[in-house]
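Visitor: Can you walk me through a few parts of this structure? Short answers are fine.

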There are 2 protein chains.
Amino acid sequence: MRWRYIFNVVGVLTFFFGLTMLLPIIVGLIYGDPSLVPFVKAMAATLGFGLVLHWVNRGSRTEFISQREGMAIVAIGWTCVGLFGALPFFFGNLFDTFVDAFFESVSGFTTTGASVLTDIESVSRSLLFWRSFIQWLGGMGIIVLSLAILPFLGVGGMQLYKAEVPTPVPDKLKPRIRDTAMLLWKVYAVISLFEVALLMFGGMPLFDALCHTFTTMPTGGFSTKNASIAHYHSLYFDIVIIVFMILAGINFSLHYQVLRGRTLAFWQDSECRFFLGTILVFTLLVTVNVYRNVYDGIGEALRYGAFQVVSILTTTGYTTADYEKWPAMSQLILLISMFLGASAGSTGGGMKCLRVMLFFKYCGRELYYLVHPKAVAHVKIGGKAVPEDVIRSIMGFLGLYTGLFVISSLLLAATGVDFITAIAAVAASIGNIGPGLGLVGPADNYAQIPYMGKWLLSWCMLLGRLEIYTLIIFFAPAFWRK
Amino acid sequence: MRWRYIFNVVGVLTFFFGLTMLLPIIVGLIYGDPSLVPFVKAMAATLGFGLVLHWVNRGSRTEFISQREGMAIVAIGWTCVGLFGALPFFFGNLFDTFVDAFFESVSGFTTTGASVLTDIESVSRSLLFWRSFIQWLGGMGIIVLSLAILPFLGVGGMQLYKAEVPTPVPDKLKPRIRDTAMLLWKVYAVISLFEVALLMFGGMPLFDALCHTFTTMPTGGFSTKNASIAHYHSLYFDIVIIVFMILAGINFSLHYQVLRGRTLAFWQDSECRFFLGTILVFTLLVTVNVYRNVYDGIGEALRYGAFQVVSILTTTGYTTADYEKWPAMSQLILLISMFLGASAGSTGGGMKCLRVMLFFKYCGRELYYLVHPKAVAHVKIGGKAVPEDVIRSIMGFLGLYTGLFVISSLLLAATGVDFITAIAAVAASIGNIGPGLGLVGPADNYAQIPYMGKWLLSWCMLLGRLEIYTLIIFFAPAFWRK
């Protein structure tokens, strides 16, 4: 581990991140915010820290990054950005304690969307913009992480995507990451632009349209309104946002292929079919379940059912209905959706459709083996046999995910919150969704979670976002041994 | 599949089962029960059915049983016994509907202990005896199933126990099952005798001591009292029952070894250490959590904490406290215990300690592989490498267990019960525990579960008891193909 090199890269990352704070300052100037001092202070601190970290560790440039160094850069970089992203909230006196500012910032960068803000609409424009913008930045980070970095670090089965990553350079890690990132970010930007346009076409003010696009595309879920998307009472906005949440939950390399002319790419991809199929089935079940029980009209039931299923399954976390008032079955479907999550290679969180698909096939194969113990059967995705080490890695991922969920729920319950809150808050944090059930339900927020619980959930959000392995690996003795 | 042979065996099984109904008749005569007609009718029906099934399929004797036939005998036999065991309850007019009688019977045979009886103490002695006795019979079935049959059917990693099974005959399935069963049943009977003696020594009437032994040893949990063990308000009984619940949760081949003089067998077995260690840690956590919050004295906290942890972890299901009034963390520990369960090869249910241990080691190995992708690492239990196909089988088991838990919870929620009830009732049924949370908490019972829910939970109890594979295999297309 060349720590100097790692800190050098993190320093550069932090510096460039500091530069992005110019944007909220510009927004604040345009909308005439009373004070921009918090941003100036935060920007100075971030730029200064980045420069110093880079300068102290200068002269450690290298063309080759080892797998362990890659993981260290990702984990430390993400934590660092979370810390500095909290500064504007903290200097702006939005919260009494730093942990609240840190929670909000990490919730932003990890595109979770869990909030400790109790009155969103009273916050200044520059801070609201920043809160949304860090989700959009987080989404960019995730795309490059899941499609350009993790496949080469061999994390959680993401090596399956090695072949699909759209880049001409086949071998070296650094150019591949750079080129892949640029291609995918273009796609991300283009789709974002479309959403802004469509929202404005429906009459949403530019500021709202920008902020909501910044939080739809990364499946983030922060809203500039206290009532989230329900604020607008608009079927049009509901539909537009449903469509873009679904798009954000699809593997971005498929978007790239579609934009390049392979129009059937969505349908040809088995994970995408599974993802869209799940949306359909869950929407149907919830609609039938809430019809008559909650909503008198079947149209209304479908509208709110579809929105909530898509919002939770893609791990966005917007709300148009207080689903805690829905029957138990609908709530359970939403809780299951929190674990399932969106597609791998999308900005969504959770376990990811690909892994769950593979899990089903794995279990099916065990039944087959029981009848034919001496046969050789392959688990196939899209007609191709998945290598055994990838299967092992994915089963290990699902195991770690479940195990960490159980342990974290126990720890959160130890802080004194009730049973359902403990389970749902951890599920919603580790899956990067946002709203859960109980104290952290759609009509509440995370402000009431005890101090220690907020640190714990911040850790869960990072854990889920970095696909567990990238963070938990630091606790493996083998990682530190020579 | 030689169906005639399978039905022949099931017929013989049913016939002998019918003979055991003589016992409650004798009990009824001794205690002067008003009517024994229900038992006479049930016994006639059972003996008759068994005889006819055997006679129709006579002449199909064989020395060799295939794996698929073995599974069919286990699954059909258990269901059959569940059906006929319900007859005394049904003819005795204990319930209005057959599903209630069936639920109570299956809950007995699977040693679950979930009850739909609302006033236990008003039931006649013969029926109460029967209700406890079928749990003891179920326990016998499980011992022979998990230590003599499943290892040879290759189910869920139980093949690990092939070497440990105490029998001199090495190859043929039938003599091995017979000899192993006889040895283990002797151990089961000896420990049972000890428990009866110790309970009577403490002043428990013979009838109560017998019935409670019949439901402790199979980790069943039916009591003859409405308040379960709390009825006696006796620290002595609490301690005796805790000790015997723990014994019942230990692999019976270890008991055999201890009785043969290998006194350190418990300690030398890594699963047993894990099981006892878990009891210790969970008891400590619950005690600390309920002390001051629920109980004023630390002694009281330890007494009720230890009893409930042992009762749930061993999947017995006796109660001495209404743990729904405990803090969320304690409830969560009990819910986790429902999944964890006791040792493999014991009469307990749940996922089993061995499998969960292996799961942890599997996840740990994945972390190791991430750092050393080209290394070869073995998952070891007790110093010995576990074959990869056994690991695969165990991971598949855990996957199926979790998957079926999720689907069943969803189905139960669809019948209209609340969120916590749905989750906990399924966890308590599939893990063969008994009491859950919510509507089916320790102070309530399963009477309020809707009609369809009772069928579903009966199925869950069987599924858990037959280690999932043995039942679910019938739904695998490969099973039916030539």
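**Helix H19 of chain A**

Guide: The buried residues of H19(A) (under 20% relative accessible area, 1.4 Å probe, protein chains only) are Gly453(A), Lys454(A), Leu456(A), Leu457(A), Ser458(A), Cys460(A), Met461(A), Leu462(A), Leu463(A), Gly464(A) and Arg465(A). This is a predicted model: local features need pLDDT of at least 70, side-chain atom pairs count only at pLDDT 80 or more, and totals for chains, interfaces and linings use all residues. Residues are numbered from 1 along each chain as its sequence is written, chains are lettered from A and ligands numbered from 1 in the order written, and side-chain values use heavy atoms, without hydrogens and water.

Visitor: Why is H19(A) called largely enclosed?

Guide: Because 11 of its 15 residues are buried. Its cover includes helices H4, H6, H7, H17, H18 and H20 of chain A. Helices are DSSP runs (H or I, at least four residues), numbered from the N terminus.

Visitor: What comes just after H19(A)?

Guide: Glu467(A), with a positive phi of about 55°.

Visitor: New topic. How do the axes of H10(A) and H14(A) cross?

Guide: They come within 10 Å and cross at roughly 30°. The axes are lines fitted to C-alpha atoms over the stretch in contact, with angles from 0 to 180 degrees between N-to-C directions. So H10(A) is roughly parallel to H14(A) (angles under 35 degrees).

Visitor: And Gln331(B), buried or exposed?

Guide: Buried, with a relative accessible area of 10%. Gln331(B) sits in helix H15 of chain B, residues 328–340.

Visitor: Which residue of chain A does Gln331(B) touch?

Guide: Phe419(A). Contact means heavy atoms within 4.5 Å.

Technical notes. Helices (H or I, at least four residues) and strands (E, at least two) are DSSP runs, numbered from the N terminus. Buried means under 20% relative accessible area, exposed over 50%, partly exposed in between (1.4 Å probe, protein chains only). Angles under 35 degrees count as roughly parallel, over 145 as roughly antiparallel, 65 to 115 as roughly perpendicular and the rest as oblique. Lists of a residue's contacts leave out its neighbours within four places in sequence.
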